[in-house]
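Reader: I would like a close look at one part of this model, set against the rest of the chain. Please keep to what the coordinates support.

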Amino acid sequence: SLSERLDSAFKLLKGEGRISEINVASTVKEIRRALVDADVNYKIAKEFTDRVKDKALGEKVITAISPSQLMVKIVKDELADLMGGTAAELELKANPTIILIAGLQGSGKTTFSGKLANFLKSKGKKPLLVAADIYRPAAIDQLKVLGGQIEVPVYSEPENKNAVQITENALREAKQNNNNVIIIDTAGRLAVDEAMMAEVANIRKAVQPQEILFVVDSMTGQDAVNTAKAFNDRLDFTGVVLTKLDGDTRGGAALTIKYTVEKPIKFVSMGEKLDTLDVFYPERMAQRILGMGDITTLVERAQAQFNEEQAKKLEKKIRQNQFDFDDFREQLQQIKKMGNLKDLMGMIPGVGKAIKDIDISDDAFKGIEAMIGSMTPQERGNPDIIDGSRRKRIAKGAGKEIQDVNQFMKQFEQMRQMMKMMNKMGAGGKGLKALG
Ligand code: GDP
Ligand code: MG
C-alpha cells in the first residue's frame, strides 16, 4: 500500500544523523515511485517530490528530531496541501439550499444522498430527498428505503419521465413543507455521455443549485480523475465526494483530484452504513496515508454519538473507580453505533497496519456481551463481588469456559486501572507521535 511504501522510503533516512543531498535524493525517489504506483500521475508526483526535496534541504537540522521524522512532517504537510490544505464546508446559507448530486452509475450517489441527508438532519436541518433518477424504478425504491431509515421524506414521481419537471415539482413541495435543504439524486450512466451530461445540466439550469457535488468511486484510481475533469468541464461543480474509501483503494484519486479540477473534496464516504460520512480534512487524510492514524476523526465520531451528560457521569464513575459492567456494556454499544469496528480501529495510529489482514467482524464483541449478559444486575454494578462460584455460573450462562470469564475479568480490571490512571493525568492528550 501507499502507506507502507512511504514508510519504507522514510526508513532510508533512519540512522542518518542529518539530511544531505544524497540521502534525500534516494528517499525522494522512493516517495515518487510510491505515489506513481498509487495511481498519482507522474507529473504531479514529480512536482510533489521536487517540493519535498527543496523543503528538506532547506530545513535546519535540529537535534531533537531525526531526519526521518522531519521528512515525515514535510511529506505530511505537502500531502495535505496537495489535497486542498484546509477543509471546505458546504454552502448552506440559502433557504432552501439546493444540492445537486452527479456522477457515474454505481459511484455511490444514492447512498451518499442518504448519508448527506442524515448528516444534515443531525445538524438541525430539515432535508428533502428528490429521486430524479428516472431510468431505473429500483433507484426510486432504493432512495425511499434510505429515506425511511433516517426518517427523511423522499419526493418522487414514478410515472414522470422528465427529471427537470420532477425537480421543479419537488421544490414546490419543499416550500410547502418548509424543507430547508433539497438533495437531488440524479441518474448516472456507466461512462460519461452526452445525454447524461445534458440532463444534469438541464436540472442545474432549472433549479440553480448552491452546491453541485460530484460523486466518484475512489477505487477507480486515475479514471476517477478523468471522469472528474469531464464532469467539471460541463457542470462546473462545487465539490467532490470520494466514496468507497473503505475499500481497497490506492489513494491516487484523493491525492490528485483537487490538483486536477481545482475543486475541493468535501466529503469522504466509507461503508454502507448511513452514519459513516466524514467531512474531508486534508490534514487528517495526509496523516492517515502516512499511517499516523486519524485520531481526530475518531474523536469526532465518538463525540457525535456521545451525550455530554452521560460523559460527565462516566468520568465521575471512572474517577471514583466505580466503572462497572453496565458502563462497559454501554460503551460497547456506543462503539458499535460508530460504525464498522475495523474502520474505527484503523483510525488509531499504528493500529491500521497491524490489523490490515485480520478479520475483525462486528460480532467480535459477542462473547463479551454474552458474559456481561449472564451476570446479575447486582454483579454488573459491583464487579468486585464476582467470586469463583459466580464466575462458574456466568461462564455457563454465556456458553463460555471459566478461563474465558477469568481472562475477561482480568482485562476488565486492567482497563479500570488504566482508566483511573489516565484520568489522573487528565486524559485528552493526543499522544500522536511522528514515525521514528
Ligand atoms: P449510484 O448508482 O451512484 O446511485 O450508486 P449507489 O449509491 O447505488 O451505490 C452503488 C453500490 O456501492 C451500492 O451497492 C452501495 O451500497 C455501494 N456503496 C456506496 N457507497 C459506498 C461506500 O462508501 N463504501 C462501500 N463499501 N460501498 C458503497
Ligand atoms: Mg442511484
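Leaving aside its neighbours within four places in sequence, which residues is Leu35 in contact with?

Author: The model is a predicted one, and what follows should be read with that in mind. Once the neighbours within four places in sequence are set aside, Leu35 is in contact with Val40, Ala45 and Phe48. Leu35 itself belongs to helix H2, which covers residues 21-37. The residue is buried because 28 other C-beta atoms lie within 10 Å, where 20 or more are needed for that class. A further distance concerns Thr49, which is 14 residues from Leu35 along the chain, with 9.5 Å between the two C-alpha atoms.

The loop that follows H2 deserves a look as well. It runs between H2 and helix H3 (42-58), and Asp39 lies in it. Asp39 is not a glycine, yet its phi is positive, about 80 degrees. Asp39 is also buried, since 23 other C-beta atoms lie within 10 Å.

Asn178 offers a second case of this backbone feature. Its phi is near 60 degrees, again a positive value in a residue other than glycine. Asn178 is placed in the loop between helix H7 (163-176) and strand E4 (181-186). Here the count of C-beta neighbours inside 10 Å is 10, so Asn178 is classed as exposed, whereas Asp39 is buried.

Another backbone feature appears between Asn95 and Pro96, which are joined by a cis peptide bond with omega at about 0 degrees. Pro96 sits in the loop between helix H4 (67-82) and E1.

Strand E1 (97-103) comes up again in the surroundings of helix H9, as one of the elements against which the buried residues of H9 pack. The others are strand E5 (211-217), strand E6 (239-243) and helix H10 (252-261). H9 spans residues 222-235, 14 residues in total, and its first and last C-alpha atoms are 20 Å apart, close to the 20 Å expected at 1.5 Å a residue. Its buried residues are Ala224, Val225, Thr227, Ala228 and Phe231. They line one face of H9, because their directions fall within an arc of 165 degrees when seen down the helix axis. As a general point, an α-helix has 3.6 residues a turn, so residues three or four places apart point the same way. Directly after H9, Asp236 has a positive phi of about 50 degrees.

Helix H11 (residues 282-289) has seven of its eight residues buried, so it is largely enclosed by the rest of the structure. The buried residues of H11 are Pro282, Arg284, Met285, Ala286, Gln287, Arg288 and Ile289. After H11 comes Gly291, with a positive phi near 70 degrees.

Further along the chain, Ala398 is part of helix H19 (residues 388-398). Ala398 counts as buried because it has 21 C-beta neighbours inside 10 Å. Apart from neighbours within four places in sequence, its contacts are Ala370, Met371, Gly373 and Ser374. Ile372 is 26 residues from Ala398 in sequence, and their C-alpha atoms are 8.3 Å apart in space.

The ligand site is next. Around ligand 1 there are 17 residues, the closest being Gly108, Lys109, Thr110, Thr111 and Ser269. Helix H5 (residues 109-122) supplies three residues, the largest share of this shell. By class, the shell holds twelve polar residues, four charged and one nonpolar.

A record touches on another stretch of the chain. An unreviewed UniProt entry places the feature "domain: SRP54-type proteins GTP-binding" at residues 264-277. In the model, that stretch is 43% strand and 0% helix, with its end C-alpha atoms 16 Å apart.

Finally, some totals put these parts in context. The protein chain has 436 residues, of which 39% are buried. Its secondary structure amounts to 20 helices and eight strands. Of the contacts between residues at least 6 apart in sequence, 74% join residues at least 24 apart. To return to the starting point, Leu35 is one of the buried residues, and its contacts beyond four places in sequence are Val40, Ala45 and Phe48.

Notes
Residues are numbered from 1 along each chain as its sequence is written. Chains are lettered from A and ligands numbered from 1 in the order in which they are written. This is a predicted model: local features need pLDDT of at least 70, side-chain atom pairs count only at pLDDT 80 or more; totals for chains, interfaces and linings use all residues. A residue is near a molecule or strand if its C-beta atom, placed from the backbone, lies within 6 Å of it. Helices (H or I, at least four residues) and strands (E, at least two) are DSSP runs, numbered from the N terminus. Ala, Val, Leu, Ile, Met, Phe, Trp, Tyr, Cys and Pro count as nonpolar, Asp, Glu, Lys and Arg as charged, and the others, Gly among them, as polar. UniProt positions are given in the numbering used here, feature names are shortened, and annotations may be inferred rather than shown by experiment. The expected span of a helix is 1.5 Å times one less than its number of residues. A residue is buried if 20 or more other C-beta atoms lie within 10 Å of its own, exposed if 12 or fewer, and partly exposed in between; C-beta atoms are placed from the backbone. The arc is that of the directions from the helix axis to the C-beta atoms. Two residues are in contact if their C-beta atoms, placed from the backbone, lie within 7 Å.
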